[in-house]
Amino acid sequence: MTSEATVVVRALQASDHADWAVLYRGYRAFYKETPDDAIVDAVWEWLIDPEHPLTAVVAVLGGRVVGLAHVRPYPEPSNATVGLFLDDLFTAPDARGRGVAHALLEELAAIAERDGYAVVRWITAHDNARARRVYDAVAEATPWVTYDMKPGKPTHAEAIEADLVSEGA
């Protein structure tokens, strides 16, 4: 890749499968997810299914797909609007510092404006300092804390609620 190459962001195409799979495996490895080709295959099937809500854009640099962004609409009942949720964003390690992530985010902002989404929202790990520098340049961090709850009955829920009542919360 030459330093003069321009990043081009476009919709994911079926011909991107091999490059996308390398990037998505890299994304999963970065977040210490277990290697699992069944997951990679399932997400690919979602992305190429026009009926599935998850879609993707990719960044191309020097003729090679070097970045991905997976997005989906989500309702925001508190505002009676629909936002665009960015689930995954990843740049090939050898393309970092070349404006790939910024170009992907810029395209998502343009999509949101074009399609009437109220916001583009995403989460990242608190220690993902390099990505957060990019994110801080284009978006505002929120004060919200994210939780994940496993399916089934929450453990110790009754005891916790009793504690909150006794504390006056």
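This section describes the sheet, its packing helix and the salt bridges of a predicted model.

The sheet is open and has 5 strands. Their order is β1-β2-β3-β4-β5, and the pairing is mixed. Strands β1 (8-11) and β5 (120-122) form the edges. Each has a single partner strand, so one side of each is left without a neighbour in the sheet. Neighbouring strands are turned against each other by 35° on average, with direction ignored.

Strands of a sheet pair through backbone hydrogen bonds, in either the parallel or the antiparallel sense. Both senses occur here, as the pairing is mixed. At one edge, β1 pairs with β2 (residues 55-61) in the antiparallel sense. This pairing covers 4 bridges. Within it, A11 stands opposite V57 of β2.

Helix α3 (residues 100-115) packs on the sheet. The helix touches β1, β2, β3 (64-76), β4 (81-91) and β5. Its direction makes about 165° with that of β4.

Strands β3 and β4 run antiparallel and are joined by 10 bridges. One facing pair is H70 and D88, the latter in β4. The two strands form a hairpin, with 4 residues between them. In the turn, A80 has a positive phi of about 55°.

Strand β4 also pairs with β5, here in the parallel sense. That pairing has 3 bridges. L86 has W122 in β5 as its bridge partner. Together, β4, α3 and β5 make a β-α-β unit, and this unit is right-handed. Burial is marked in β4: 8 of its 11 residues are buried, so the strand is largely enclosed by the rest of the structure.

Charged side chains were examined next. Side chains of opposite charge can pair when their charged atoms come close. The count for this model comes to 6 salt bridges. Three of them are described here, beginning with R64 and D94. The closest N and O atoms of R64 and D94 are 2.8 Å apart. R64 lies in strand β3, whereas D94 lies in the loop between β4 and α3. The pair therefore ties together parts that are 30 residues apart in sequence. R64 has a relative accessible area of 29% and is partly exposed. D94 also counts as partly exposed, because its relative accessibility is 48% and the exposed class begins over 50%.

A salt bridge also joins the side chains of R72 and D87, at 2.6 Å from N to O. This pair links distant parts of the chain. R72 belongs to strand β3 and D87 to strand β4, 15 residues apart. R72 has a relative accessibility of 30% and counts as partly exposed. The relative accessible area of D87 is 25%, so D87 is partly exposed rather than buried, a class that requires under 20%.

The side chains of R114 and D115 meet in a further salt bridge, with an N to O distance of 2.8 Å. R114 counts as exposed, at 59% relative accessibility. D115 is partly exposed, at 41%.

How values were computed. Residues numbered from 1 in each chain as written. Predicted model: local features only at pLDDT ≥ 70, side-chain atom pairs only at ≥ 80, totals over all residues. Heavy atoms only, no water. Pairing = 2+ DSSP bridges. Axes fitted to C-alpha atoms, helices over the stretch in contact; angles between N-to-C directions. Contact = heavy atoms within 4.5 Å. Buried < 20%, exposed > 50% of the residue type's maximum accessible area, 1.4 Å probe, protein only. Right-handed = clockwise from strand over helix to strand, strands pointing away. Salt bridge = Lys/Arg side-chain N within 4 Å of Asp/Glu carboxyl O.
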